[in-house]
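Got your viewer ready? Load the model below and keep the selection box handy.

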Amino acid sequence: MQANCAGCGRTFFRKTGTHRFCTSACRERHRGHARRQRYGSGHQRSRAAVAVAVEQGRALCSRCGELIEPGTPWDLDHDDNGNGYLGPSHARCNRATTPRARKTGLCWSRRWFEDATEDTIVGNEEIRRDGRWEPL
């Protein structure tokens with residue numbers, strides 16, 4: 001079955017009905033393009049605008065609500081559905097909410113309930129064990 005490549009537009013023969021790219025190299029180039037769009041010039045401009053407040057010590061983490069100390073690692077945090085930004089976040093708070101971080105169990109950026117389920121991780125700093133919070 002013939003199809004047009006989703007990356008370069010070239011016509012190719014699909015090996016299965018799900019192939020979208022003519023070659024693996026074309027697929028990788030397209031993945032890189034999607035990442036560049038998400039972290040492109042618009043993201044860089046927004047981050048630069050927020051960086052002023054972070055470096056002046058006036059920015060609060062959008063995940064945990066604590067002050068982001070100047071000179072510490074921070075991210076411009078995307079909204080969880082991928083549309084827009086929440087604002088600046090500590091790098092550890094933002095990255096604790098990634099799908100990879102969630103594989104080990106429930107992973108939250110802050111405590112929402114004291115009666116959380118066992119093995120819930122909060123901000124990669126605490127874990128719920130035997131009905132109480134313990135440091136990781």
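Here is a short tour, stop by stop.

This is a predicted model, where local features need pLDDT of at least 70, side-chain atom pairs count only at pLDDT 80 or more, and totals for chains, interfaces and linings use all residues. Numbering starts from 1 along each chain as its sequence is written, and side-chain values use heavy atoms, with hydrogens and water left out.

Start by selecting Ala 53, Val 54, Ala 59, Cys 61, Ile 68, Trp 74, Leu 76 and Cys 93: these eight make up the largest nonpolar core. Such a core is a set of buried Ala, Val, Leu, Ile, Met, Phe, Trp, Tyr and Cys residues joined through side-chain atoms within 4.5 Å; buried means under 20% relative accessible area (1.4 Å probe, protein chains only). At least two of its residues come from α2 (41–55), and at least two from β3 (74–78); helices (H or I, at least four residues) and strands (E, at least two) are DSSP runs, numbered from the N terminus.

Stay on Trp 74 and add Arg 47, which lies over the ring face at 3.9 Å from the ring centre. The rule here: CZ of Arg or NZ of Lys within 6 Å of the ring centre and within 35 degrees of the ring normal.

Now, how many disulfides does the whole structure have? Zero, with a disulfide being a pair of cysteine sulfur atoms within 2.5 Å. Pick Cys 5: its closest cysteine sulfur, in Cys 26, is 3.4 Å away, so too far for a bond. For Cys 93, the nearest cysteine sulfur is that of Cys 64, 3.8 Å away.

How values were computed:
Buried < 20%, exposed > 50% of the residue type's maximum accessible area, 1.4 Å probe, protein only.
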